[in-house]
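Please walk through this structure with the model open beside the text. The route goes from the whole chain to its sheet, its core, the surroundings of the ligand and a few single residues.

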Amino acid sequence: MEYVKLHNGYEFPLLGLGTFRAREDEAQRAMEYALEVGYKAFDTAFIYSNEKTIGQTLKQQNVNREDIFLTSKLWNTVSQKTDAREAFERTCDDLGTDYLDLYLIHWPGSYQRNAAMWSVLEELYQEKRVKAIGVSNFNIHHLNSLMSQSTIKPMVNQVECHIKLQNHALQQFCNGHEIYLQAYAPLMSAQFKEITEDENLAKIGEKYGKTAAQIALKALVSRDIIALPKSSNKGRLQQNFEIFDFELTDEETFAIRKMNRGKRIFPEPDNVDFGFSAWW
Ligand SMILES: NC(=O)c1ccc[n+]([C@@H]2O[C@H](COP(=O)([O-])OP(=O)(O)OC[C@H]3O[C@@H](n4cnc5c(N)ncnc54)[C@H](OP(=O)(O)O)[C@@H]3O)[C@@H](O)[C@H]2O)c1
């Protein structure tokens, strides 16, 4: 496993397990396999309805809290500061922990709401209840507004990012502010076959004995983007984990860069109603 150092000095794994749409049995199975394979970081959110299952599984597996990284996210319907603190405490209770490694604002709302929620995250950080704080689905203008109204810069921006949506401009902006990108839907989520059955990626993989999925994940971590693939299948979890024993050439990196299509699977943050529910 490789790590990146966030701007507060906290070292965070470059690969973590995504858990969106994995509930109860599936979430438990995924966590058990992932721990066995060696995953250290686990990405969840209040809205995934699996925080309790994840917490119970960690307890059953006797996992040492300091050995793992837990990320969760504050959901969109919370806009009052006291509610945000309650949401954080509930997430911690459900996960069976008294601190998180990373807590994110799940989606941007109005600038005012973002700043209010961020001030709660800053407090939690100063109280050492979270090791790092960040945002998710933030475009450049959301980040600019937030940074102009706050004292701590986000350490992470978790956004949709994969071969067909490479986010180079957003990454360049974030690099300039020491904000790491985390890639959600790194395998294009429900449209994963666009990656796993891609002939160009498979061809690159042949040389290294790797699959198209492994090449797609490698392309992200090579850019220092933290990848969060979801799987509840042990073989695929293992496969997604084995991406640190080879390097892509410049030519391969360039060929992959040309595959960018600006294609989104999830809503574009500026073009979705804040209270939307159809996706969850
Ligand atoms: N911040 C946000 O707004 C946001 C939004 C969406 C997602 N996320 C986070 O990002 C994580 C990843 O996104 P995602 O779950 O939507 O999609 P994803 O990781 O891009 O793709 C998951 C799909 O790919 C399949 N898969 C995984 N590894 C594979 C492999 N090696 N070969 C073939 N198929 C493979 C999985 O099936 P199997 O399980 O059957 O292997 C699953 O159907 C989420 O779980 C969540 O933690 C965050």
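**Overall form**

For a chain of 280 residues, a compact globule would have a radius of gyration near 19 Å, and the protein chain, at 18 Å, agrees with that. The model is a predicted one. Along its principal axes, the C-alpha trace spans about 55 × 45 × 40 Å. The protein chain holds 11 helices and 10 strands. Of its 280 residues, 44% count as buried. Contacts can also be sorted by distance along the sequence: among those between residues at least 6 apart, 72% join residues at least 24 apart.

**The sheet**

Strands of a sheet pair through backbone hydrogen bonds, in either a parallel or an antiparallel way. Here 8 strands form an open sheet with parallel pairing, in the order E3-E4-E5-E6-E7-E8-E9-E10. Its edges are strand E3 (17–18) and strand E10 (226–227), each of which pairs on one side only.

Two of the pairings can be followed in detail. Strand E4 (residues 41–43) runs parallel to E5 and is joined to it by 3 bridges. In one of the pairs, Ala41 has Phe69 in E5 as its bridge partner. Strand E5 (residues 69–74) is largely enclosed by the rest of the structure, because 6 of its 6 residues are buried. Further along the sheet, strand E7 (residues 130–136) pairs with strand E8 (residues 156–160), again in the parallel sense and over 3 bridges. There, Ser136 has Gln158 of E8 as its bridge partner.

**Two buried residues in strands**

Lys131 lies in strand E7. Is Lys131 buried or exposed? Lys131 is buried, because 20 other C-beta atoms lie within 10 Å, and 20 is the number at which a residue begins to count as buried. Leaving out residues up to four places away in sequence, Lys131 touches Tyr10, Tyr99, Asp101 and Leu102. Lys131 and Leu102 are 29 residues apart along the chain, yet their C-alpha atoms are separated by 6.1 Å.

Gln182 lies in strand E9 (residues 180–184). With 27 other C-beta atoms within 10 Å, Gln182 is buried. Setting aside neighbours within four places in sequence, its contacts are Val156, Gln158, Ile226 and Leu228. One of these, Gln158, is the residue in E8 that served above as the bridge partner of Ser136. A separation along the chain can also be set beside one in space: Gln182 and Thr44 are 138 residues apart in sequence, and their C-alpha atoms are 13 Å apart.

**The nonpolar core**

In soluble globular proteins, nonpolar side chains tend to be buried together. The largest nonpolar core in this model has 76 residues, and those with the most contacts inside it are Tyr103, Ala183, Ile195 and Ala216. Helix H9 (residues 212–221) gives the most to this core, with 7 residues.

Which residues does Tyr103 touch, not counting residues up to four places away in sequence? They are Ser72, Leu74, Phe88, Leu121, Leu124, Val130 and Ile133.

**Around the ligand**

The ligand is surrounded by 27 residues, of which the closest are Gly18, Phe20, Tyr184, Lys230 and Ser231. By class, this shell has 11 nonpolar, 13 polar and 3 charged residues. Its largest share, 3 residues, comes from helix H10 (residues 234–241).

**Two residues with positive phi**

Most residues other than glycine have a negative phi. Two residues in this model can be looked at with that in mind.

Glu24 has a phi near 40°, a positive value in a residue other than glycine. Its place is in helix H1 (residues 24–37). Glu24 counts as exposed because it has 12 C-beta neighbours inside 10 Å, and exposed residues are those with 12 or fewer.

Asn167 also has a positive phi, near 55°, and is likewise a residue other than glycine. Asn167 lies in the loop between E8 and helix H6 (168–176). While Glu24 counts as exposed, Asn167 is buried, with 21 other C-beta atoms within 10 Å.

Technical notes: Residues are numbered from 1 along each chain as its sequence is written. This is a predicted model: local features need pLDDT of at least 70, side-chain atom pairs count only at pLDDT 80 or more; totals for chains, interfaces and linings use all residues. A residue is near a molecule or strand if its C-beta atom, placed from the backbone, lies within 6 Å of it. Helices (H or I, at least four residues) and strands (E, at least two) are DSSP runs, numbered from the N terminus. Ala, Val, Leu, Ile, Met, Phe, Trp, Tyr, Cys and Pro count as nonpolar, Asp, Glu, Lys and Arg as charged, and the others, Gly among them, as polar. Two strands pair if DSSP finds at least two bridges between them. A nonpolar core is a set of buried Ala, Val, Leu, Ile, Met, Phe, Trp, Tyr and Cys residues joined through C-beta atoms within 7 Å. Two residues are in contact if their C-beta atoms, placed from the backbone, lie within 7 Å. The radius of gyration is taken over C-alpha atoms; the globule rule is 2.2 Å times the number of residues to the power 0.38.
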